[in-house]
Amino acid sequence: MFFIDPSSHDIGRSPSSAPAAFTPSVRWGIPLEAEDFELSPTASSQDFSFHVLGPESRLLPSYWDLRSRIFCEEQHLFEASDRDELDRNAHPIVALSHHSARAGEAVGVVRIVELSPRVWQGGRLGVDADFRRLNQIGKGLIWKAVTTAHGWGCDRFLATVQRQNVPFFRRLHWRAIEALEIRGLPHQLMEADLSYYRPSRERRPLEAAA
């Protein structure tokens with residue numbers, strides 16, 4: 001499961017990027033239960049926590065590395081780099097593991113960016129392959145992304161979602177707005193129900209961390 005930004009023009013140029021080659025980057029094959037989506041205000045637990053990165057964060061190299069591994073090396077959505085113009089103003093968010101050999105390393109990523117005043121978009125959502133069997137990371141990243149933007153004055157939070165992942169987002173209180181085709185792949189433009197995602201008190205960095 002991942003967001004693809006419509007402005008990312010290099011999507012699909014790899015010969016291995018046909019629909020059959022796409023592997024969900026968050027989770028697969030796990031039954032969804034109602035209690036899976038009862039999140040705390042931070043979505044954090046004793047095993048994982050979610051953090052907005054400032055421009056000087058020591059976690060930025062881990063954030064960029066995981067994005068590259070998921071979207072370039074694994075899924076072949078991009079050839080050399082998955083970075084684009086939105087990263088100039090985007091706010092990176094990472095999930096950290098606390099009880100594994102990779103404690104303190106980013107094991108999940110997402111970015112949020114203000115497209116226009118009070119309108120935000122989520123993108124580049126992905127979870128490290130070794131951690132995808134766990135429901136918590138993907139939904140925690142979504143929760144952190146939307147509640148953070150909501151706390152920063154967001155009135156609308158949008159994302160483009162691959163069609164097969166629409167039911168997952170619906171259960172997380174998102175609604176489908178419009179069917180899209182991005183580089184030959186079916187997607188849905190979706191919007192989060194901000195009444196479900198209560199605003200966080202996350203302090204907004206002075207600048208993005210591109």
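Which residue in β7 is the bridge partner of V161? In this predicted model, the position across from V161 is taken by Q188 of β7, and the pairing belongs to an antiparallel arrangement in which 5 bridges join β5 to β7. The surroundings of β5 are described below, after an outline of the overall architecture.

The protein contains 3 helices and 7 strands, which follow one another along the sequence in the pattern β-α-β-β-β-α-β-α-β-β. Of its 210 residues, 54% are buried. Among contacts with a separation of 6 or more, 72% are accounted for by residues 24 or more positions apart.

Strand β5, comprising residues 156-162, is largely enclosed by the rest of the structure, because 6 of its 7 residues are buried. Besides its antiparallel pairing with β7, β5 pairs with β4 in the parallel sense, over 3 bridges, and here V119 stands opposite R156 of β5. A159, which is also found in β5, counts as buried, with a relative accessibility of 0%. The C-alpha atom of A159 lies 5.3 Å from that of G122, although the two residues are 37 residues apart in sequence.

Aromatic rings provide further links between separate parts of the chain, and 9 aromatic pairs are counted in the model. W143 and Y197 form one of these, a tilted pair with 5.1 Å from centre to centre and 45° between the planes. This pair connects distant parts of the chain, since W143 belongs to helix α2 (residues 135-151) whereas Y197 lies in the segment after β7 (185-192), 54 residues apart. Both partners are withdrawn from the surface: W143 counts as buried because its relative accessibility is 1%, and Y197 is likewise buried, with a relative accessible area of 0%. A second pair is formed by F157 and W174, whose ring centres are 5.9 Å apart and whose planes meet at 85°, so that the arrangement is edge-to-face. It too links distant parts of the chain, with F157 in strand β5 and W174 in strand β6 (residues 174-182), 17 residues apart. Both F157 and W174 are buried, and ring pairs join them with F168 and F169 into a cluster.

Helix α1 spans residues 60-74, and its end C-alpha atoms are 20 Å apart, which agrees with the 21 Å that its 15 residues should span at 1.5 Å a residue. The helix nevertheless has a kink of about 30°, centred on S68. Its buried residues are L60, S62, Y63, W64, L66, R67, I70, F71 and C72, and these pack against three strands, namely β2 (91-97), β3 (106-116) and β4 (119-127). Strand β4 therefore takes part in two of the relationships described here, as it is packed against by the buried residues of α1 and is paired with β5, a strand that is itself largely enclosed because 6 of its 7 residues are buried. W64, one of the buried residues of α1, also has a charged neighbour, in that R83 lies over the face of the W64 ring at 3.8 Å from the ring centre. Just after α1, H76 adopts a positive phi of about 60°.

Methods. Residues numbered from 1 in each chain as written. Predicted model: local features only at pLDDT ≥ 70, side-chain atom pairs only at ≥ 80, totals over all residues. Heavy atoms only, no water. Phe/Tyr/Trp six-rings, centres within 6.5 Å; stacked < 30°, edge-to-face > 60°. Helix = DSSP H or I, 4+ residues; strand = E, 2+ residues; numbered from the N terminus. Buried < 20%, exposed > 50% of the residue type's maximum accessible area, 1.4 Å probe, protein only. Lys NZ or Arg CZ within 6 Å of the ring centre and 35° of its normal. Expected span 1.5 Å × (residues − 1). Bend = angle between axes of the 7 residues up to and from the residue. Contact = heavy atoms within 4.5 Å. Pairing = 2+ DSSP bridges.
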